[in-house]
Each structure stands twice: as C-alpha cells, then as structure tokens.
Amino acid sequence: MRISKLTIGILVSMILFSIFFTNVVNLLSTDALTPEKFTKDNYIKITDTAQNLIWFLQISDLHISIFRDPLRITEFKEFCHYTVDAIKPRVVLASGDLTDAKTKDAIGSEQFRDEWKYYRDILNESHMREKTLWLDIRGNHDNFNVADAKSKQNFFTNYSVQGKDHPRSYMYQIKNGNTLYSFIAVDACLEPDNSQFKKYRLLAIDHGLLSFVDVSHRDWPVILITNPKHALFVNPAKENLHNIQNSTHIRVLAFSLSRIDFVKVRIDKETWLYCKHVEGPLYVARWNPQRYLKGVHKIEVYVKDMDGRIKSEIQPFCLDGTQLSFGILARLALMTDASVMFRVMFFTMLVISILPLCLVRYAHTMVTTGRIIKPRTRRNCCSAWLRKIWIMSTVDRIFWPIVLYPVYLTFGPWSIGYIVEDHLGTIFAWGIFCKRSLFTWLFHICIWFHTAFRLSTTINIDHGQCDRPQISEYHFQTREKSPHWNSDLSAFAILHCVQCTSFNGVPILVGVRHIGFHFGTVKDLVLGVSRVFILSGSIFARKMHKESGRSLACSIRHKQ
C-alpha cells in the first residue's frame, strides 16, 4: 500500500501537536499535592461549635453613575439595607470601581462629585459604620482624570470610608477569638469595562479553611458550605486538609431575609440529614468522613426559610488529596503572562507585515539587475500568493505605505491631547507619556490587530489579473502613470475624509478624558494617508493591467 507525502505530513503534524498540547497542559496543571506532602501543622478539630469561624462579604464594580442605569444605585441601597442586615458580616470589602466616572456621551472620563455623594450618602443612611467594618479601595474608574493624590478630582479621599486615612494600599487586622485576621487592600491604579453591580461574594474562614460563593443580587436564601470544602478550591500548600478528614460535622452557613425554617444535607444522593442550628447562620450535621476517603463525592444542601423561599446547592469534595482541575481556557487566562503574550503577538504581526514584502522587494531588485534569475515555481496556492506579493512590492505607491505604516505604529505617536486634568500627553503603542512620566500598559498593543485588519482591507488588487504571467512580467518593467490616476485618487481621498470624520473621528477610549483630534487621531491620519497611496497604487496597477492587456491583444492581431 502506497502512502502519500500528504498522509505522512498529517501524521507527523498530529504527533507534534499532541506533544505540544501535552506539555502545555502539564505546564498549566493545577493538580493538588500528594497527601504525604500535606501540612500537619496547626491541626484544629472541626466539630459543631461556632468557634474559629468568621464570614465576610465582597462587592466590586458598583459603577454608580448619574447618567446611566439608575438601577445600580437602587441595588446598592438594597444591598446596604437588606443584604448586610441579613448576613451580618464582620467585614465588607468594596474592591474598586465605586463610581462610573464616564461622561454622558460615554466617550470622555471625569470624576463627578454627585456620583461620590450618592456613594457616601447611601452608606450613611444605612448606618454602615455601625453594622460592620467597611473596607473600600479605589479602582481604575475611581482614578480617571486624577493626576495625583492631592488632585482636586480625587474625591475618593473625601467621600469614601477609608480614603481619608488610607488613600492608597493598606492593611487592616481584626481579632476573632484567639485568631488574628489580616485584610490587605492593594491599590493597583497607575500613579501619575461596562461592568455593573449584579453579584457579590460571600467568604468564610472556618477552622483555617477559606470558602466562598458568588451570589446574584436578590437571590435568597444564600448557602455557603464550609466543611467539607469545595474540591476545586482546595489549597493543600496553605490549608490543613487533615482537618476535614478528622472532622465530626458537616458545616453550612445559611442566610435569608426571613428566619431559616430548616436545613438538610445529603452526600451522593443518600438519605437526607436535617441539620442542627448552632447559632447565627451556622447549621451542622454529624457525619463519618472515613466513608468518603476515596474519589470525588458530591454534597447537596437544601434550605427553606419561613417565607417559603427555597434554595439548593451542590458542590464536589475530595478527601484523598485529588483535586479537580479548571478548564483549559480558564487556566490559560489565569496562568498566562498576558503582558509577554501580547508583546510577542505584536512584534510577530509586525514582522509578518513587513518582512515578506522586504524580502521579495530585495529579490526583485536582484532579478532586475541581473544578479539572479527569476525563480520559477509550480502553479499552486503558494506560487499565486508569492506572485501577488511580488507585484505589490514592485509598486512604490503600495509598497512604501504598507511597510512604513506598521513601523510608524510601533515607534510614532498615536494621539496627542489632554490626558488628565488639562495635562498634555502623547499616546504610543507601548504606553502613555504624560507629566514627564511613562506609563506602560497592554491596551494599545491590542488595538494593533484592529488597525492591521483595517489596513489589510485597503489592499484590493484583482486576483484574476494578478495571476496572468504577462501582467507580472509587465509590472517588473514598467513604472508609467495612468492618465486617469488623479481623478480616481481624488475620489478616493474625498471618500476617505468622510469615513475618517464619521468613524475614525471618535477618540480612542482608553479610560482618559479627552484624547485625539476632531478629525481622527494621529494614527488614523497616518492610516488615511497610507490608504490613499495604497489604493492609488492599486488603481495604477489595474490601469496598467488593462493597458497591458490591450497592448498584448493588438500585438497578437498585428502578428496575425
């Protein structure tokens, strides 16, 4: 039986891809440590008491706005009045983006005092400082158009709970029984997302085991299983899993707007066990963990309150040291260095955009000077692609804009304008220069792919005409200009100005107040000029194609 080269190539490619995929999966593996490596220090026996237990809430991305979605303010009021009263957390963490700070047209960014007043007044009206410890910190929206900590636009210091004493990062410690808990707030805003508050996070530390659940707003009852812990979030390097293996009771935290009627649990669809109420939200049920030492098991909790609201929660757990793995996409998102990845992709696209044309241009020069013989290739997709690239490299009006535009994107300024608080700044692909400081981030590199796509759409050479060998030879020798080139170029220039004003005229949204000019950014201006030259070269090529075809036809008729 004969095996074709294509079959062998496919088999080799599959083997190489399998090896690569296996290595990537191993690199991103989040499998747990073996049971022998579990820490045995600080062993705490988990029983049916309320000792060594603390719970708290986390909210984020409130985006309080005076222009959009008034429901955000309503839901925040309900959270402060009803959710906090029902759960009674020891601490509430408000982790950034407290206000929206976007203008009415959603283009500019600015700190609005009224939005901060809403935030402060809601906390005061609900007597939040008397109910719990409120720890808030800035997000990037709370830092829009704020030049520094002393800026008049820095409303966080005057209208937040912790801003006056802790304008940036801080640590807060509380003591519960004999245990000291530390909460560290890290302000990652630069020093000179249309997110909405729809969920909050309930967290608990029970006998040294951290558990959490994300809860939708207005979804009651709320259930958090603290023992046994969810198998996906077990951390044997920091938590003593022998506490679970030697525990005597299943432990559940149950909250609702009305009093809890009953709580029952079961494992692997066995018989339901009714839980005993200890105190507060804690409910327990006796169990024998030795029955579940091997494999993955599922625990189900069913809760009903006095108003008839019911809720069921199912979560997996393991006692033998095995741990569930996150999906491959989740691991790629969480464990990949995005900064390095985007930079590699950026420069890869840059090389792909420039290097082939430059190499073919150099080869064309060598052919025209007689140093090498023009290469002959078989007719296939690769040779057709090479022929078209070769033709493009011979037309200066196409070659130079395509080569110089990516280079300009890499090193030249994209926009020049007011960045924050009337401070002029310049935006480059690799960061923003403002107030004699350079701030690097990834947003501009992502824009490259959008820009490269828009540039590629302007390259419009007729494929059928480019495939003719006579026309290819003609392009290697002629540089004449079409008599109708000026009118075609003028028409395109007018169309491009209309497009640049209507589409590109909108400043780039990079989380600052005013960026760019009324008729497009510097980057779009360069793109417009490049498009003019590229299309003019394409028009020129088409005119030459037609003239070449007519000349060839006349020559054939003359010979006949």
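Helices and strands are DSSP runs, of at least four residues for a helix (H or I) and at least two for a strand (E), and they are numbered from the N terminus. With that convention in mind, open the model, which is a predicted one, and begin with the whole chain in view.

**The whole chain**

Colour by secondary structure, and the chain shows 15 helices and 19 strands. Of its 560 residues, 45% are buried, while the accessible surface of the chain comes to about 30,200 Å², with 60% of that area belonging to carbon and sulfur atoms.

**The loop between S1 and H2**

Select residue 66 next: Ile-66 sits in the loop that runs between S1 and H2. Because its relative accessibility is 33%, and partly exposed covers the range between 20% and 50%, Ile-66 counts as partly exposed. Add Phe-67 and Tyr-118 to the selection, and you have a nonpolar patch on the surface in which Ile-66, Phe-67 and Tyr-118 together hold about 250 Å² of accessible area.

Now move back along the chain to Asp-61, which is also placed in the loop between strand S1 (53-59) and helix H2 (71-87). Its backbone deserves a check, since most residues other than glycine have a negative phi. Asp-61 is not a glycine, yet it has a positive phi of about 55°.

**The nonpolar cores**

From the loop, turn to the interior. In soluble globular proteins, nonpolar side chains tend to be buried together. The largest nonpolar core here has 38 residues, and the ones to display as sticks are those with the most contacts inside it, namely Phe-76, Phe-79, Tyr-119, Trp-134, Tyr-200 and Leu-202. Helix H2 gives the most to this core, with seven residues.

Centre the view on Leu-202 and show its surroundings: with neighbours within four places in sequence set aside, Leu-202 is in contact with a set of residues that includes Trp-55, Phe-56, Leu-57 and Ile-87, as well as Ser-211, Phe-212 and Val-213. Val-222, Leu-224 and Phe-255 belong to the contacts of Leu-202 too. A second core, separate from the one just visited, has 24 residues, among them Ile-223, Val-263, Tyr-283 and Phe-317.

**Backbone features from S6 to H6**

Select His-207, which is located in the loop between strand S6 (199-206) and S7. What is the phi of His-207? It is near 55°, a positive value in a residue other than glycine. His-207 has a relative accessible area of 3%, which lies under the 20% cut-off, and therefore it is buried.

Continue to the pair Trp-220 and Pro-221, which are joined by a cis peptide bond with omega of about -10°. Pro-221 is in the loop between strand S7 (209-216) and strand S8 (222-227). A cis peptide bond also joins Asn-227 and Pro-228, here with omega of about 5°, and Pro-228 belongs to the loop between S8 and helix H6 (242-245). Most peptide bonds are trans.

**Two buried aspartates**

Which residue's side chain makes a polar contact with that of Asp-187? Display Arg-138, for the side chains of Asp-187 and Arg-138 are joined by a polar contact of 2.9 Å. Asp-187 lies in the loop between strand S5 (179-185) and S6, and because its relative accessibility is 8%, it counts as buried. Apart from neighbours within four places in sequence, Asp-187 contacts Ile-137, Arg-138, Pro-167, Arg-168 and Ser-169. A distance drawn between the C-alpha atoms of Asp-187 and Tyr-170, which are 17 residues apart along the chain, should read 8.4 Å.

Next select Asp-305, found in strand S14 (residues 296-305) and buried, with a relative accessible area of 0%. Its side chain has a polar contact of 2.6 Å with the side chain of Ser-256, and a polar atom of the Asp-305 side chain also lies 2.8 Å from the backbone nitrogen of Arg-309. Beyond its neighbours within four places in sequence, Asp-305 is in contact with Ser-256, Ser-258, Arg-259, Ile-260 and Asp-261.

**A last stop on H8**

End the tour at Ser-353, in helix H8 (residues 338-368). Is Ser-353 buried or partly exposed? Its relative accessibility is 22%, so it counts as partly exposed, given that buried means under 20%. Drawing a distance from Ser-353 to Ile-402, 49 residues apart along the chain, should give a C-alpha separation of 7.7 Å.

Technical notes. Residues are numbered from 1 along each chain as its sequence is written. This is a predicted model: local features need pLDDT of at least 70, side-chain atom pairs count only at pLDDT 80 or more; totals for chains, interfaces and linings use all residues. Side-chain values use heavy atoms; hydrogens and water are left out. Buried means under 20% relative accessible area, exposed over 50%, partly exposed in between (1.4 Å probe, protein chains only). A polar contact is a pair of N or O atoms within 3.5 Å; within protein, one must be able to donate a hydrogen and the other to accept it, and residues adjacent in sequence count only if both atoms are side-chain atoms. Contact means heavy atoms within 4.5 Å. Patches are made of residues with over 30% relative accessible area and no salt bridge: like charges are joined within 9 Å, nonpolar side chains (Val, Leu, Ile, Met, Phe, Trp, Tyr) within 5 Å. Accessible areas come from the Shrake-Rupley method with a 1.4 Å probe; for residues, only the protein chains shown count as cover. A salt bridge is a side-chain nitrogen of Lys or Arg within 4 Å of a carboxyl oxygen of Asp or Glu. A nonpolar core is a set of buried Ala, Val, Leu, Ile, Met, Phe, Trp, Tyr and Cys residues joined through side-chain atoms within 4.5 Å.
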